[in-house]
Each structure stands twice: as structure tokens, then as C-alpha cells.
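Morning, everyone. Have the sequence and the structure open while I talk. I'll go residue by residue, then helix by helix.

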Amino acid sequence: MNSYILADKQDLTRFAIESIIRRDNQNTVFYASDKARLTELLTGHEHSVVVLDYALFDFISEDQLLTTSERFSETRWLLLSDSLTPGFLSRVLYASPAFSVVFKDSPLSEIRNALSQTAQGTRYISQQAMEIMLSRQLEDEKTDTLTTTETEILRAVAMGKTTREIAAERFSSIHTINTHKKNIFRKLHVNTAYEATKYAVRSGLIDPSEFYI
């Protein structure tokens with residue numbers, strides 16, 4: 001027997017999803033009209049699948065949703081919506097394996113499959129969601145080009161210069177240089193100056209003979 005909580009304010013959607021769920025008479029279905037009611041239900045039924053239309057519910061942010069999922073760590077979540085932004089999908093799906101996703105315009109067979117797999121504890125990410133996330137990644141790759149200033153700072157970092165030295169040379173504050181470095185690391189998808197330096201060497205920004213960090 002599986003327990004489901006429908007967190008969707010569209011009557012038609014709730015009726016349709018409940019009809020699918022109740023094909024197995026052993027399943028139980030609850031309704032949550034708002035976050036307060038959802039929290040109340042999860043307190044007594046943590047081992048449930050929450051079928052959530054995030055766009056229509058009263059979560060005020062992704063952080064609030066993720067905080068709720070962390071609080072009820074045994075709960076599985078199926079995001080079922082007309083549309084979800086690439087940023088939202090990337091943030092939530094990367095943050096927690098408890099979330100699955102399928103769209104309301106998906107074939108009925110796919111929605112059934114998503115419900116079934118989520119109830120079994122297997123994450124389900126629809127092909128449409130994967131394509132949305134991929135398009136976001138490709139767009140990020142197009143826009144995450146280093147500026148001239150960032151390239152110069154990366155080269156200075158690769159040469160082993162400290163933040164204070166770089167700031168003095170550029171007549172900038174240490175805070176400004178640190179902000180540039182954070183942006184550089186984000187764009188290059190690296191976490192340390194060493195990794196950034198390896199990138200600088202590979203891309204030809206510095207001569208390998210100058211590399212000593």
C-alpha cells in the first residue's frame with residue numbers, strides 16, 4: 001500500500017491523479033490545499049509520495065521547498081506541473097534525489113510510470129525535463145565566457161599572485177578581486193585556484209614554464 005498527498009489546487013488534476021492512484025484499492029490519498037496542511041499531513045504520514053504542482057502551490061521559494069523536503073527526509077516528491085523553469089529544475093533536482101518530475105501534458109502512460117517509480121523509491125525525470133535542463137546548460141556555456149578583466153585576473157592567479165597583490169596592481173579593493181575570482185570559478189566550474197590555474201595552462205593563457213603555483 002502506498003500513501004499519496006496531492007498538493008495541487010486544480011480540481012481536474014486532482015481528480016485525474018486520484019483516479020490513477022486508486023486503480024490499486026490499497027492506496028490512500030490525502031489532499032493538501034496549502035503548505036500548512038501539507039506539513040500537517042507529512043507529520044503523520046512521512047512515508048508518502050507528494051504530488052506537487054509547485055507553480056500553483058504556496059511555497060514562496062525553492063529554498064522553502066527544499067527545507068521542507070529535508071525536514072521530512074522519508075518523503076518522495078513528484079513535481080507535476082504545466083511548466084517549470086530551467087533554473088528551478090536544476091536547483092531542485094541537483095539538490096535532492098527525493099524529487100522526480102513529469103509534466104501535465106505528458107502522455108498518460110508516462111504519468112502513471114512516474115507515479116509508480118516514485119512510489120517505489122526510484123527517481124523519475126521525464127525526457128522533457130532533461131531537455132529543459134540540457135538547454136539551460138548549453139545556454140550557460142554560451143554566456144559563461146570570461147570577460148577581459150576576469151581573464152587578466154585568472155592569469156595573475158595562475159602566476160601565483162595573492163589577492164592583495166592583484167588588488168594593488170589593479171588599484172582595486174580586495175573585495176572586488178575576490179568577487180571576480182568567485183565569478184571566474186563559477187564560470188569555469190572549478191573550486192580552487194589550483195584548478196583555475198590548470199585551466200589557464202590548458203587554454204594557453206599562460207606559458208607552462210611560468211606555472212609554479
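**Buried spots, cores and crossings**

Let's start with S106. This serine is buried, at 10% relative accessible area. Before I go on, note that this is a predicted model. The average pLDDT over the chain is 88. At least 70 is reached by 92% of the residues. Among the elements, β3 has the highest mean, 97. The lowest mean belongs to α6, at 73. Keep that in mind when α6 comes up again.

Back to the serine. Where does S106 lie? In the loop between β5 and α5, with α5 covering 108-119. A polar atom of the S106 side chain sits 2.9 Å from the backbone oxygen of F103. Setting aside residues up to four places away in sequence, S106 touches I111 and Q128.

Now F103 itself. F103 is in strand β5. Its relative accessibility is 1%, so F103 counts as buried; the cut-off for that is under 20%. What does F103 touch, not counting residues up to four places away in sequence? The list includes L80, S81, D82, S83 and L84. L89, I111 and Q128 are also among the contacts of F103. So that you have a distance to check: F103 and S73 are 24 Å apart, C-alpha to C-alpha, and 30 residues apart in sequence.

L89 is next. L89 is found in helix α4. Its relative accessible area is 0%, so L89 is buried. Leaving out neighbours within four places in sequence, L89 is in contact with L84, Y94, V101, F103, A129, I132 and M133. Take V101 from that list. V101 and L89 are 12 residues apart along the chain, and their C-alpha atoms are separated by 8.6 Å.

That brings us to the cores. The largest nonpolar core has 28 residues. Which members touch the most other members? L38, L52, L65, W77 and L89. Several elements each supply at least two residues of this core. On the strand side, those are β1 (3-7), β3 (49-52), β4 (76-81) and β5 (99-103). On the helix side, they are α2 (35-44), α3 (62-71), α4 (86-95) and α6 (127-143). The most comes from α4, with 4 residues. There is also a second, separate core, of 17 residues. L146, I177, F185 and A196 are among its members. As background, nonpolar side chains tend to be buried together in soluble globular proteins.

On to helix α7, residues 148-158. Which residues of α7 are buried? E150, I153, L154, A156, V157 and A158. What do they pack against? Three helices: α8, α9 and α10. Just after α7 comes G160, with a positive phi near 90°.

Two of those partners have crossing angles to report. First topic, α10, residues 193-202. The α7 and α10 axes are 9 Å apart, at an angle of about 110°. That makes the two helices, α7 and α10, roughly perpendicular. From α7, the residues are L154, V157 and A158. They meet A193, A196, T197, Y199 and A200 in α10.

Next topic, α9. The axes of α7 and α9 come within 10 Å and cross at roughly 95°. Therefore α7 and α9 are also roughly perpendicular to each other. Here T149, E150, I153, L154 and V157 are the α7 residues. Their partners in α9 include I177, H180, K181 and I184. L154 and V157 thus appear at the α9 contact and at the α10 contact.

Then α8. A167 lies in this helix. At 3% relative accessibility, A167 is buried. Not counting residues up to four places away in sequence, A167 touches S172, S173, I174 and I177. I177 is also a member of the second core. For a distance along the chain, A167 and I21 are 146 residues apart, and their C-alpha atoms are separated by 61 Å.

Last residue: F171. F171 is in the loop between α8 (163-170) and α9 (174-188). Buried or exposed? Exposed: the relative accessibility of F171 is 78%, and the cut-off is over 50%. Its phi is positive, near 55°, in a residue that is not glycine.

That's my tour. Questions, please.

Technical notes
Residues numbered from 1 in each chain as written. Predicted model: local features only at pLDDT ≥ 70, side-chain atom pairs only at ≥ 80, totals over all residues. Heavy atoms only, no water. Core = buried A, V, L, I, M, F, W, Y, C linked by side-chain atoms within 4.5 Å. Buried < 20%, exposed > 50% of the residue type's maximum accessible area, 1.4 Å probe, protein only. pLDDT = per-residue confidence, 0-100. Polar contact = N/O pair within 3.5 Å; in protein donor to acceptor, adjacent residues only side chain to side chain. Contact = heavy atoms within 4.5 Å. Axes fitted to C-alpha atoms, helices over the stretch in contact; angles between N-to-C directions. Parallel < 35°, antiparallel > 145°, perpendicular 65-115°, else oblique.
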